[in-house]
Amino acid sequence: MLKQIEGSHAVAEVVAKCRPNVISAYPITPQTHIVEDLASIVGNGELDAEYVNVESEFSAASVVLGASAAGARAYSATTSQGLLLMSEVIYCIAGMRLPIVFTIANRAISAPLSIWNDQQDSMALRDSGWIQLHAEDNQEAADLHIQAFKIAEETHLPVMVCMDGFILTHAFEPVDVPDQKQVDSFLPPFQPTNIVDPRWPRGIGLFADPRFYLETRYILHRAMEKSEKTIKKVSQDFAKTFGRDSGGFIKTYKLKKADVVIISMGSLVGTIKDLIDQLEDEGKKVGLLQICSYRPFPRKEVYNTLKNKMNIVVVEKSISLGRGGILASDVRWSFPRHEKKDRNISSFIAGLGGRNITKNDLRHMVEKVEKEPVELEFLGLKKELIAKKDL
Amino acid sequence: MMNQSAEELNKIEKKDLFGSGHRACGGCGQALAARLVQDASGENTIACVATGCLEVFSSPYPDPAWRVPFLHSLFENASAVASGVEAAYKALKKGPVNIIAQGGDGSTADIGFQSISGMFERGHNVLYVCYDNEAYMNTGVQRSSFTPLGARTTTTPTGNKTRKKNLPLIAADHGIPYVATATVDDFRDLQRKVKTALSIEGPKYIHILAPCPLGWGHPGELTVQVCRLAKDTGLFPIYEIIDGKLTNVRKIQTKVPVQEYLKLQGRFSHLFKKGGSPKVIAEIQEIANQNIERFNL
Amino acid sequence: MIEIRIHGRGGQGNVAAAELMSVAAFKDGKFSQAFPSFGAERVGAPVMAFVRIDDQKIRTREDVQNPDYLIVQDSNLIGSVPVLDGLKPDGLILVNSEKKPEELQLKTTAKVETIPATEIALEIIGRPIPNAIMIGAFCAITGLVSLDAVQEAIMAKFPGRVGENNVAALERAHEIIKKR
Amino acid sequence: MEKLPLGLVMELRNVVPYKTGSWRTLMPINVMHTPPCNHACPAGNDIRGFLRVLAESKDYEQAWHILTRTNPFPAVCGRVCPHPCEGGCNRRDFDEPLAINCAERAVGDFGLENNLQHKKLIDTRKEKVAVIGSGPAGLSCAFHLAKRGFQVKIYEANSEPGGMMRFGIPSYRQPNYILKQEIDNILRLGIELECNVKVGVNIPLDQLRNEYDAVFLGLGAQKGVSIDVPGKDAENVFTGVEFLKQINTGKWVDVGNDAVVIGGGNTAMDCARVAKRLGANVSIVYRRTRMEMPAITAEIDEAMEERIMFRYHTNPVKLIADEGRVVGLLCVQMELKEPDASGRARPVPIKGSEAFIPADTVIMATGQAVDYDGIEIQTVDRKWIYTNENLMTDMEGVFAGGDAVAGLETVSLAIGQGARAASAIEDYIEGNVESELAQPPVVFSRELNTYYYQPVKRYEKEARPIHMRLKGFKEIYPNLDRDDIFAEAGRCFSCGLCFDCGNCYMYCPDNAVKKSKTTGFYEFDYDFCKGCGLCAKECPCHYIQMTLEK
């Protein structure tokens, strides 16, 4: 049913319809509305689940780890420092192959403290063995959760659904929240394997000496790569059942004829699409490649779709300090070294710590790369605030 | 609450649910304690184990020593993981099952302190067992907040300057229904306490003194005797706190001076060498005396 | 696409106002988007909220730069906050004030309207929360969202007495403007 | 190759445990040790054995069979044995030694009351053995031989069997009917007994040597030896042996008002106490002090309780006779000088200290000797029969034991020697090179872990009140409460033998101690035992020992 609804609330409603058995979370802005809503959904009996109020994100992650290992469909939500505090558990969950789903309300990382949006937090855990799906808007954010549980449980890999903090979590916009029957028809009940159960004693979380560890990581890496199939399949099935596209590996917008291709992910693509239309009216051919699944990274798709594109600009809300654009380097790595040496792949860092990204900023970016490739630029950087020695 | 007969509680259990083939040192108090605990709890048990000596020597792939379901993830989160297991069993309407979170003193009182406090405060139906060997043994005997005054560890080479954190009382102050202390020498008492704890709904805490021959510097054959001296000197009081009330305090039959306990252990040997520290020994005796008075041992 | 920017202080229901207007627009069959520009600040601090209304799906996420409409829930903000920034020359600004528009001496070519929302709020709701009155006035002036839709939205968000009071306040504001 | 499972999750039921036995340098083994009580028992009784049975299964019958494996006289020894076993008991260093003697008596009495019978090990065999003398040594030897199937005949000089047990021990210590029943039980094994035959007088020893495959001499030392003082041949002067024999054969002796007993041994005590019961004021005259008295302490104490007067440092020099009857003794006071050959302080007379002691009866319990009448045999300084370590005398096929060999000793020693002689005789007849199997080491109290034992009060038998005792010859220790005896047996540490405390089983950190499905005993699983030694350390009774890897 289509509603004008806050993003967090939409996500909470949809997660509840996925019938998690155990929810555990610790409050942190801007994730709070999601877990508040879930708490009340459990509280008023609409969802038969255990909601565990813990004393830290670390414990929240640990509780869902334990719950999942005991056969529960388990869910949590966090962001920023919370996610970093969890990071030890995050790696552990992946290594133990527990199909847990998290919502990440993307937010900047201290210091300095910033409660506002960017994507450095989930980026920091991109190598943890979690599937990371990025939502463009609240409809997709909601839809991705339904898909996430299915993907996780089929691949035995945990999934983070990333949605930009405030920009999506706190935005009211129309969202079609599917009814319970639809969700049930798409998402079967959790059939756990490998759980702790006295009837079939199992050892979970054994330690591996050097004879075995390397192989366990190889297997996990391959599992991430292989999950591509499932992610695409689930997205297609979703489209069939619910009649709308969301998720998958990548999406494109006005790409075919584009001379300049913008690559980005998350809520920023909405603004970019508006810009693309404006520029089109002005006679400029600009297209968009949107990364939906950041991990596993859609290397082949990126290459195949952009084989013949010579001017590419990546704009992202995170940075590998001392290295530059993270998404940008993933994109650059997607093209074989040898061919098309003259292809330009520019890298822009934008919107860190909630800095507003306007169409004008993006327009400036496009105009710039039309002239020359940009190795790395912070979009909308106020040089006047920076001492000479710090430049 | 207490649904078991006294004789059931006092029965000794030997089921080898924490089986042979673990890699602990000879005479390991923790291995002994772990078996006594799992055997008392029985097959219908889920062990949530913190990283540490116990976990490392008992759970290597492909031949772990556990025969009950075993779940380990990290050093500091056994309590939270157990909370999750318990929540899952509630949510899935499964059980009843004995969920036992367990770990060494470091994972309990130091890095896992927040986690265990949370578990207590939330009232999960979980038993937490702390195997107290008074230092970080897994990593090579570094000081923990359970390391007693005067004890030498690799990070307190001249002897620990502080007194031991008193977790049982801290646990009791969470208002949980059952807290007990025990040692491996009195397996009857230890197993009775495990069974009693498991017969009570809510969070439970059992604190077991588990000597580490390597870290304490005594021959493995003395593990049991060292425990006895710890009790008879008054350095390790044995008691239960049920619903906040101190009960079943073990009386010392013949009080032993702390020297007898300290002398057996290499970690205290520096206190006796010439230029040793009678002052420290006196202070340790003072600690024992305070216990004797406080718990009326 | 219509863009609205709401200025106020924490606690005056700025975000709620944005939400209500967006929900009302949605009920009127339009596409709408509402989102706050939060600070870490607490009650009393200046805050902003944004509303977009359009006939097609709204994709952009940038803060509203050039609002067609400004709603200022607290006239004291004028001067302390650059409320007029980016306001379209032919736009409109609605200020919560007992003064007449010209007395505010705003440097803008845009149309200025005022309404003593706090007084009315105190009278009808019993608390100095002006948002319902401001919305009511805004509907009356612009007709951008229907009064019924706002009423529904309010009752949906605040069922019971709180809702009824706010609806009453809303209608009062609506009348006052219509009478002008 | 086993493939890595998803998330490295393992089915624990499929685990093949990792064998840690190879880590071991020392290995624990179960070793049955000799308890000090068994070790100290001259009769070689399995004391730990019968006590465990009483403690664990409360089974008097089995206890009786265990005791009578070595000693056919539990009821007698339970009364008269000075019980060196209790001296050895490791409980001595913990609280008080076990009242083993009482337990033995209780078992013996149970056997008699319930008419328990000895079982033969071998039914019959043709070889014949003659046993001369039916004292404890002779009967014990006969008993063990008969159990092994030999044809045994006992020749007894007296009219009744029992030797010193019969004629030397007053019935207030050991009632005659007890002895008789135990002897009858022995004879029921098919032993022939001929009384009133004095070998060497009525039958030459050589004849027996020809008729029998072997001969055992249990002559005893029944000849009283009196000190050589003037007047010693008066009619009212007895040797201790004569005196006791008369009483024990029911003859009345008029001891008059004052009886004086000379000597400090057990016989002296017996004589004094008998005389007391016959109505006399009795005094014991002894050259040295109580310290040097060879009698058993308990006997001395009881004599003192019974108001016997002890005159120490006193030595008779002359018996004063009047019309062939002694009326008193002239005694001289002695002082003790440096020890003599016997190790006891040497008494030397004090000049001018002579004093007169009136006496209606004088009893000289001053020594006993073997009666060699008609028997030519090699002796040790003309006193005791010489034997080699197999108890064989200088005569081929002739063995000997008891007081005649050991000198004045206890009933239990005689029983032990009789038993040893029996197996020596068996070896001799079968032509075996006798093979004494080495006894396992003895457990000392420092080797025990007494933490696991509780202090428990020792069982004390109740003597009848003195005035009742002195009324006659009734046994001074009435029957014992058998249930108390169970409790007393429960005090046994079971030194050197597992009593199923379960410590090793429960304490092994590696679960390397298993309970045998077949025997129910604990055994070590050397696949996993790391040899930490905890089991040995916590074994209360020193049954587990750490040894070098085999």
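Colleague: How many residues of chain A are in contact with chain B?

Modeller: This is a predicted model, so read every value as computed from it. Start with the general idea. The size of an interface is often given as the accessible area lost when the parts come together. Here we count residues in contact instead. On chain A there are 38, and they meet 38 residues of chain B.

Colleague: Which elements give two or more residues to the side of chain A that touches chain B?

Modeller: Three strands and two helices of chain A do. The strands are β2 (22-25), β3 (50-53) and β9 (202-204). The helices are α3 (57-69) and α4 (80-95). The largest share comes from α3(A), with nine residues.

Colleague: What is the make-up of that side by class?

Modeller: The side of chain A that touches chain B has 23 nonpolar residues. Nine more are polar and six are charged.

Colleague: Which pair of chains shares the most contacts?

Modeller: Chains A and B do, out of four pairs of chains in contact. Some chains do not touch. Chains B and C are one such case, with their nearest C-alpha atoms 27 Å apart. Chains C and D are another, and there the nearest C-alpha atoms are 41 Å apart.

Colleague: In what sense do β9(A) and β2(B) pair, parallel or antiparallel?

Modeller: First the idea. Strands of a sheet pair through backbone hydrogen bonds, either parallel or antiparallel. Now the case. β9(A) pairs with β2 (residues 70-72) of chain B in the parallel sense, over two bridges. So which residues should you look at? Find I204(A). Its bridge partner in β2(B) is L71(B).

Colleague: Let us stay with chain B. How many helices and strands does chain B have?

Modeller: Chain B has twelve helices and eight strands. Its radius of gyration is 18 Å, close to the 19 Å that the globule rule gives for 297 residues, so chain B is as compact as a globular protein of that length. Along the principal axes, the C-alpha atoms of chain B fill a box of roughly 65 × 45 × 35 Å.

Colleague: What percentage of the residues in chain B is buried?

Modeller: Buried residues are 61% of the 297. Look at the contacts in chain B as well. Take those between residues at least 6 apart in sequence: 68% of them join residues at least 24 apart.

Colleague: How many residues does chain B give to its contact with chain D?

Modeller: Chain B gives 28 residues, and chain D gives 28. On the chain B side, α2 (29-41) and α10 (223-233) each supply at least two. The largest share is from α10(B), with four residues. By class, the chain B side has twelve nonpolar, eight polar and eight charged residues.

Colleague: Back to chain A. What is the strand order in the open sheet of seven strands?

Modeller: Read a sheet from one edge to the other. In chain A the order is β3-β2-β4-β5-β7-β6-β13, and the pairing is mixed. The edges are β3 and β13 (293-295) of chain A; each has a single partner strand, so one side of each is left without a neighbour in the sheet. On average, neighbouring strands of this sheet are turned by 20 degrees against each other, direction ignored. Within it, β2(A) runs parallel to β4 (residues 74-78) of chain A, joined by two bridges. V22(A) has A74(A) as its bridge partner in β4(A).

Colleague: Which strands are at the edges of the six-stranded sheet of chain A?

Modeller: Take the order before the edges. This open sheet runs β10-β12-β11-β14-β15-β16 (chain A), with mixed pairing. The edge strands are β10 (250-253) and β16 (377-378) of chain A, each pairing on one side only. β10(A) pairs with β12 (residues 286-291) of chain A in the antiparallel sense, over four bridges. There, Y253(A) stands opposite L288(A).

Colleague: Which strands does α9(A) lie across?

Modeller: Helix α9 (residues 268-281) of chain A lies across β10, β11 (260-264), β12 and β14 (311-316) of chain A. It runs at about 165 degrees to β12(A). Helix α12 (residues 359-371) of chain A also packs on the sheet, touching β11, β12, β14 and β15 (344-349) of chain A. The direction of α12(A) makes about 145 degrees with that of β14(A).

Colleague: One last helix. Which residues of α17(D) are buried?

Modeller: In α17 (residues 482-490) of chain D, they are I485(D), E488(D) and A489(D). Seen down the axis of α17(D), they fall within an arc of 100 degrees, so they line one face of the helix. These buried residues pack against α2 (47-57) and α6 (100-113) of chain D.

Note on methods:
Residues are numbered from 1 along each chain as its sequence is written. Chains are lettered from A and ligands numbered from 1 in the order in which they are written. This is a predicted model: local features need pLDDT of at least 70, side-chain atom pairs count only at pLDDT 80 or more; totals for chains, interfaces and linings use all residues. Two residues are in contact if their C-beta atoms, placed from the backbone, lie within 7 Å. Ala, Val, Leu, Ile, Met, Phe, Trp, Tyr, Cys and Pro count as nonpolar, Asp, Glu, Lys and Arg as charged, and the others, Gly among them, as polar. Two strands pair if DSSP finds at least two bridges between them. The radius of gyration is taken over C-alpha atoms; the globule rule is 2.2 Å times the number of residues to the power 0.38. A residue is buried if 20 or more other C-beta atoms lie within 10 Å of its own, exposed if 12 or fewer, and partly exposed in between; C-beta atoms are placed from the backbone. Axes are lines fitted to C-alpha atoms, for helices over the stretch in contact, and angles run from 0 to 180 degrees between N-to-C directions. The arc is that of the directions from the helix axis to the C-beta atoms.
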